[in-house]
Amino acid sequence: MRSFITLLICLTGLVTARGDQLIGSDVARLLGDAPQAEWSKTDGLTQEVWYHSEPYQGHGTRVFAYLGRPAGVSKDHPAPTMLLVHGGGGKAFKDWANYWAQRGYMALAMDTAGQGPDGKRHDQAGPDQSDETKFTSPITNAQDMWSYHAVAAVLHGHALLKSLPEVDKTRIGITGISWGGYLTCLIAGMDHELKVAVPVYGCGFLGDNSCWRDHSLAAMDTKARQQWLETFDPSATAGNTECPILFLNGMHDFAYPPDSYRKTFNLVPAALRTLSVRVDLAHGHIWTYKEVDAFVDSVLQPGEGHAALARLDETSVDGATAVSRVLCGGPAVGAELHYTTMTGSWTARKWKSVPAKVESGDVSAPLPAERPLTFFFTVADARGLITSSAYAELGASENTACQPKAKLEQDFYDWNARHAAVLTAKESIKPDIVLIGDSITHLWAGAPAEPHGNRGAQAWRTLFGERKVLNMGFGWDRTQNVLWRIGHGELDGVAPKLVVIHIGTNNLAGTKNARANTPAEIAEGIQAVTLQAKAKCPDAKIVLMAVMPRGEKPDNVQQKALDEVNALLPEVAKSAGATLIDLKAKLRGADGLLTKEMMPDFLHPGETGYSIWAEALRPHLPAP
């Protein structure tokens, strides 16, 4: 009997739909009367058009687009139609509109960044597409945000298409690439006149994991970040999708990682979604994926010659065998099982692929014995078109080291009271130096005062003197606790010259409240902390401490795990422009042993250990 395993789905309830309140309430108006349009030159199958859109900062705006018009189309012979939404750094692509026109489709490739045909901003532009514009903080007027204007450009474009006699109004779909894929996910749940949708790369849950989580989103103040996620993240709308939708992405995508991608496609009813997830898929303005063409054709032009793609069931385990099934479409003529035993950053994971068996629609392959294991199937039909199952796992789960959590463990102090004390202290101290960490930092000295601390008070005074220093060390904290604290204001509104980070040792501990993390997961969690600290304090020098040694002897299990973590930290430091300091050689003796003088409990420094840390930091102190 098949025993279903836990899929990597971590379904999140739909965010309170402020996106629906802000944008969704405008959908009927934006899709209503066709916008005023000015038509320009025609070149082959494409024509330039400018159409009016929403006001921006008090002035009217226009959107530039290319309309693709296939040969032979007319009022009596209307064509199916596609909305084409470019990604970051893109513009209205003439070649993209022409591509679909050559395939027999009307197509509108619009610009969403206030650019004209030359790719330069024009005098009636809306917001540009820079990250600084997308993630403005504070948000003073959400209707001036790029996401709002980009959605409006697409919906006004849809209204324009419906007004054209050559367009079959009952057969209009959308596809978008990267940020255009993000918009496609956002719009598919709002525009219920669409008959098919294909987001390439883009997804929602950008605050959980994405290229922007530790950068642009982290740089926003707490209120603005929450408002952006509730208003403009596709997690607020994707679950309302009513048309067939194809999700196409790669397992190494740098911007839209598999965990957030999975959460997004799992919001869509299973009967509507088809997946085409690959191990390696290039990220770019690529509009020639044959799977996209075939999927759209099968929905908008069903019938002979336009067979549906194979849609796979969830992956499950039968004994030591992975199994799935082709539910419809296809048929599949070949299959592969793809798997990895690595954890941590998705972009760093290496995958192996082995042949799988396809028999009467059933797909199966023996699983390797290694754990943890993440795996999925791809199948190919007779046309060579590839679709996939969702990815599943054994012995692993989403990287908890990167998922913000408030207090997890009971310790010697009141965690919530200390958080409140940090929020108060940062305002009065206005620190030039901030230390972020766990009990190793917490117990050193400094403010907020800790009665059980001051274990390195002399080293603290010798190093910092009268400098303005904030101690953001919290006993028992893991990386996820620090991420929660950063996300809840502890670094908002401060401008330190130096930030020192030491975190990660507690991630080795598994309790009923949190599982132990692997070294790769811990390194990714430390990277998230470091990047978010840099995003909040862009002018600060960042010093990242390698995780301090623990255990009397150097060959203990925890030290070996920390050695694996620390081996990954040079790249972590590089990613944030941080300086890495490793004290292991100075804290352990020549024989590799930790002494009680150095660390009385073989975990927390004593005065001697703190003095070594202080001297290592001294060259990095800002000028008084």
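Colleague: Is serine 439 buried or exposed?

Modeller: This is a predicted model, and in it serine 439 belongs to helix α12, residues 439-442. Its contacts beyond four places in sequence are Phe474, Gly475, Trp476, His604 and Tyr610. The cut-off for buried is under 20% relative accessible area. Serine 439 has a relative accessible area of 8%, so the residue is buried.

Colleague: Which proline follows alanine 447 through a cis peptide bond, and where does that proline lie?

Modeller: Most peptide bonds are trans. The bond from alanine 447 has omega near 0°, which is cis, and leads to proline 448. As for its place, proline 448 is in the loop between α12 and α13 (457-464).

Colleague: Which residue precedes proline 331 in a cis peptide bond?

Modeller: Proline 331 sits in the loop that joins β12 (321-328) to β13 (332-340). The peptide bond leading into proline 331 has omega near 0° and is cis, and the residue before it is glycine 330.

Colleague: What is the phi of phenylalanine 205, and is phenylalanine 205 buried or exposed?

Modeller: Most residues other than glycine have a negative phi. Phenylalanine 205, in the loop between β7 (196-200) and α7 (216-219), has a positive phi, near 55°. With a relative accessible area of 5%, phenylalanine 205 is buried.

Colleague: Why does asparagine 454 count as partly exposed?

Modeller: Asparagine 454 is in the loop between α12 and α13, and has a positive phi of about 65° although it is not a glycine. Partly exposed covers the range between the buried limit of 20% and the exposed limit of 50%. Asparagine 454 falls in that range because its relative accessibility is 42%.

Colleague: How many residues of helix α6 are buried?

Modeller: Helix α6 spans residues 179-188 and is mostly covered. Its buried residues include Trp179, Tyr182, Leu183, Cys185 and Ile187. The count of buried residues in α6 is 10 of 10.

Colleague: Which helix gives the largest share of the largest nonpolar core?

Modeller: That core has 100 residues, and Trp100, Met110, Tyr182 and Trp228 touch the most other members. The largest share of the core is 10 residues, and it comes from helix α5, residues 146-162.

Colleague: Which residues does tryptophan 228 contact, leaving aside neighbours within four places in sequence?

Modeller: Tryptophan 228 is one of the four members of the largest nonpolar core that touch the most others, and Tyr182 is another. The contacts of tryptophan 228 are Lys134, Phe135, Ile139, Met145, Ser147, Tyr182, Leu206, Leu217, Met220 and Asp233.

Colleague: Why is α15 described as roughly parallel to α16?

Modeller: Helix α15 (residues 519-536) packs against helix α16 (residues 557-576) with the axes 9 Å apart. Angles under 35 degrees count as roughly parallel. The angle between α15 and α16 is about 30°, which means α15 is roughly parallel to α16.

Colleague: How many nonpolar residues are in the contact of α15 with α16?

Modeller: The crossing of α15 past α16 is right-handed. Residues of α15 in the contact include Ile522, Ile526 and Leu531, and those of α16 include Val565, Leu568 and Val572. Ile522 and Val565 also belong to a second, separate core of 41 residues. By class, the contact has 3 polar and 2 charged residues, and the number of nonpolar residues is 12.

Methods: Residues are numbered from 1 along each chain as its sequence is written. This is a predicted model: local features need pLDDT of at least 70, side-chain atom pairs count only at pLDDT 80 or more; totals for chains, interfaces and linings use all residues. Side-chain values use heavy atoms; hydrogens and water are left out. Axes are lines fitted to C-alpha atoms, for helices over the stretch in contact, and angles run from 0 to 180 degrees between N-to-C directions. Helices (H or I, at least four residues) and strands (E, at least two) are DSSP runs, numbered from the N terminus. Angles under 35 degrees count as roughly parallel, over 145 as roughly antiparallel, 65 to 115 as roughly perpendicular and the rest as oblique. A crossing is left-handed if the near helix is turned anticlockwise from the far one by less than a right angle, and right-handed if clockwise. Contact means heavy atoms within 4.5 Å. Ala, Val, Leu, Ile, Met, Phe, Trp, Tyr, Cys and Pro count as nonpolar, Asp, Glu, Lys and Arg as charged, and the others, Gly among them, as polar. Buried means under 20% relative accessible area, exposed over 50%, partly exposed in between (1.4 Å probe, protein chains only). A nonpolar core is a set of buried Ala, Val, Leu, Ile, Met, Phe, Trp, Tyr and Cys residues joined through side-chain atoms within 4.5 Å.
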